[in-house]
Amino acid sequence: MPQKPTASPTRKSRTDAQRNRQRILQVAKEAFTRRGADASLDDIARQAGVGPGTLYRHFPTRDALIEAVYHSEVDKLAAAAREAAAKLPPVEALRAWMLLFVDYVAAKHIIAPALNSVVGGASRLYESSRAKVSEAVQLLVNRGIQSGELRKEIEPFDLLRALIGVSNVAGGPDWQESARRLVDILIQGSLQSGSQPRR
């Protein structure tokens, strides 16, 4: 009777390493959110279920970990745009992604003190992520224009500027609710006259 092929040790170790890395990033994001840049790396390793050596193999310095957390969030946002485009009708996909963008802005604000500790400051990291975010919203808006549901003159990044603006001027904890309401206003204002989003 033929035996099932088993995963090679190398492949298994790569899978374990990737799983460890993702777990560290998730725990680190939560730790930097609660405690800022001074969060204990040993505590992060312990809560992620790995040894300090494993953490330092993936992220040799505190700055490397902070940067990786930020880039991981941006990558998730970009991937979510592609996933929404593949699964949802154009306008529904854009709305879902813009709501996710509100959560991303909230996370960015929360870990901003940690990001500011990175050499070069947070602005360097924000600038490096701009292209990925721009491509994501461009993809979704283009689908809506091509479907005839969105107006052709819509400038994709203007939608995000409006949401970022709400987060910058809002002083209270309810700014996210305001931003979520604004998503629906922006979507309605972007529709072609007489158009209704397809469900």
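**Reading helix H9 and the largest pocket**

Biologist: Which residues are exposed on the other side of H9, away from its buried residues?

Modeller: Exposed means over 50% relative accessible area, buried under 20%, and partly exposed in between, with a 1.4 Å probe and protein chains only. On that side of H9, Arg181, Ile185 and Gln188 are exposed. This is a predicted model, in which local features need pLDDT of at least 70 and side-chain atom pairs pLDDT 80 or more, whereas totals for chains, interfaces and linings use all residues. Residues are numbered from 1 along each chain as its sequence is written, and side-chain values use heavy atoms, without hydrogens and water.

Biologist: Which residues of H9 are buried?

Modeller: They are Trp175, Ala179, Leu182, Val183, Leu186, Ile187 and Ser190. These residues lie on the same side of H9 because they cover an arc of only 140 degrees around the axis, taken from the directions from the helix axis to the C-beta atoms.

Biologist: Where is Asn20, and is Asn20 buried or exposed?

Modeller: Asn20 belongs to helix H1, residues 9-35; a helix is a DSSP run of H or I with at least four residues, numbered from the N terminus. With a relative accessible area of 17%, Asn20 is buried.

Biologist: Which residues line the largest pocket?

Modeller: A pocket is an open set of points on a 1 Å grid over the protein atoms alone where a 1.4 Å probe fits, with protein on both sides within 12 Å along at least five of seven lines; lining residues have an atom within 4 Å of a point. Here they are Phe101, Tyr104, Lys108, Tyr126, Glu127, Ser129, Arg130, Val133, Phe157 and Ile164. Helices H5, H7 and H8 each give two or more residues, and H7 supplies the largest share, 5 residues.
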